[in-house]
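Me: I would be grateful for a close look at a single part of this protein. Please choose one helix and explain how it sits among its surroundings.

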Amino acid sequence: DTWRYAHEEAATEVQGVFAEKFKEEIEANSDHTVQLFPFGTLGESADIMEQAQSGILQFVNQSPGFTGALIPEAQVFFVPYLLPQDEATLQEFFRNSKAINEKFPGLYAEQGLELLTMYPEGEVCMTTQEEVKTPEDLAGVKFRVMTNPLLVESYAALGATPTPLPWGEVYGALQTGIIQGQENPGFFLDSTKMYEVTEYVTCIGHNNFTTAMMANKDFYDGLSDEEKQLIQNATDAAFDHILDYQAGLQDKSLENIKSAKPEMVINILSDEERQPFMETADAVEAAFIEMTGDSGKEILEQMKSDLEAAGAATQ
Ligand code: 6CS
């Protein structure tokens with residue numbers, strides 16, 4: 001039969017490349033076919049999540065940036081400077097994290113979802129109309145964030161005016177001046193031509209864009225063990241593929257932006273310049289614990305110990 005799978009990006013963007021590999025693996029190893037629905041074909045992120053929860057879709061890829069509104073603990077991925085910038089440590093963390101493999105599945109299951117994997121999509125940088133060298137430069141800037149409360153806290157802590165919006169509204173809102181900034185990983189800034197409607201790219205190393213791939217739980221629970229194994233194998237293959245695919249992608253994307261618009265200013269802030277941004281992280285972490293209580297605290301502690309283990313393993 002045909003399995004329907006929706007994601008939040010175009011077919012040629014990271015979630016699309018992951019989905020394509022998953023489809024290829026399923027179809028090569030079974031009689032099932034996978035029908036892919038890229039961004040926009042079934043609505044916004046919130047719409048595809050509803051469709052996956054109700055079983056209209058069998059698979060969905062959604063960032064915790066949106067799922068955080070549904071599963072508050074998933075907002076942990078937006079505590080600034082929690083994830084490492086070192087690529088090897090980051091990948092090691094996503095491969096072996098107990099928080100991801102053991103703690104999150106139960107929280108997703110409560111929402112009718114079988115969490116299959118989480119993976120990183122690249123370092124997040126801001127694009128703005130004016131130069132950002134210090135948090136003060138964000139004062140009064142209406143800054144678009146994905147629709148989760150912790151991201152609102154995070155940009156409020158930086159002094160900006162956070163404005164949660166679904167993705168489909170971002171380009172137009174920048175164009176008409178409703179917002180003056182947004183953040184996304186390098187490949188997405190390039191592919192969605194954010195440089196056409198902003199003047200500065202600023203990278204402060206505060207986050208890597210995390211996303212999650214999942215199935216409708218009733219659908220998944222009804223599968224045979226062979227089919228579950230098929231899905232796990234296809235997920236693992238897509239996971240490996242997407243990590244390889246991203247090697248060098250951030251730098252190349254920033255270069256693409258520069259050649260598409262030479263006057264675009266790309267500032268990768270130095271460690272010293274990042275310091276005042278880093279100082280806001282504790283307040284955001286405190287806000288996360290306040291929002292999620294013991295359950296969130298446990299996840300955060302597990303994440304920290306997973307990150308330490310990943311760091312030690314890649315020394
Ligand atoms: O900013 C967003 O809303 C989007 N960013 C990425 C990298 N993927 C999908 C998401 O909708």
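Reply: The following account begins with one helix and then turns to the core, the ligand and two loop residues. The model is a predicted one.

The helix chosen is α6, which covers residues 149-157. Which of its residues are buried? They are Leu150, Leu151, Ser154 and Tyr155. These four residues lie on the same side of α6, because they cover an arc of only 135° around the axis. The buried residues of α6 pack against four strands, namely β4 (113-128), β5 (142-145), β6 (161-164) and β7 (181-185), and against the helix α13 (281-313).

Both ends of the helix deserve attention. At the N-terminal end, Asn148 acts as a cap for α6. A side-chain oxygen of Asn148 lies 2.9 Å from the backbone nitrogen of Leu150, and Leu150 is itself among the buried residues. Just after α6 comes Gly159, where phi is positive, at about 100°.

One packing partner of α6, the helix α13, leads to the interior of the protein. The largest nonpolar core has 99 residues, and those touching the most other members are Phe22, Phe59, Phe77, Phe104, Tyr108 and Ile231. The greatest contribution to this core comes from α13, with 9 residues. In soluble globular proteins, nonpolar side chains tend to be buried together. Phe104 serves as an example: beyond its neighbours within four places in sequence, its contacts include Phe77, Leu115, Met118 and Ile299.

Two other partners of α6, β5 (142-145) and β7 (181-185), direct attention to the ligand. Among the residues that surround the ligand are Arg144, Asn184 and Pro185, together with Glu9, Trp167 and Phe209. An N or O atom in the side chain of Arg144 is 2.7 Å from an oxygen atom of the ligand. Nitrogen atoms of the ligand are also approached: a polar side-chain atom of Glu9 lies 2.7 Å from one, and a polar side-chain atom of Asn184 lies 2.8 Å from a nitrogen atom. The ligand taken alone exposes 290 Å², of which the protein buries 100%.

Finally, the backbone of two loop residues may be considered. Most residues other than glycine have a negative phi. Tyr81, in the loop between α3 (64-67) and α4 (87-96), has a positive phi near 65°. Lys193, in the loop between α8 (186-191) and β8 (200-203), has a positive phi of about 55°. Tyr81 is buried, with a relative accessible area of 17%, whereas Lys193 is partly exposed, at 37%.

Notes: Residues numbered from 1 in each chain as written. Predicted model: local features only at pLDDT ≥ 70, side-chain atom pairs only at ≥ 80, totals over all residues. Heavy atoms only, no water. Buried < 20%, exposed > 50% of the residue type's maximum accessible area, 1.4 Å probe, protein only. Arc of directions from axis to C-beta. Contact = heavy atoms within 4.5 Å. Polar contact = N/O pair within 3.5 Å; in protein donor to acceptor, adjacent residues only side chain to side chain. Core = buried A, V, L, I, M, F, W, Y, C linked by side-chain atoms within 4.5 Å. Near = heavy atom within 4 Å. Areas by Shrake-Rupley, 256 points an atom, 1.4 Å probe, with all protein chains shown as cover.
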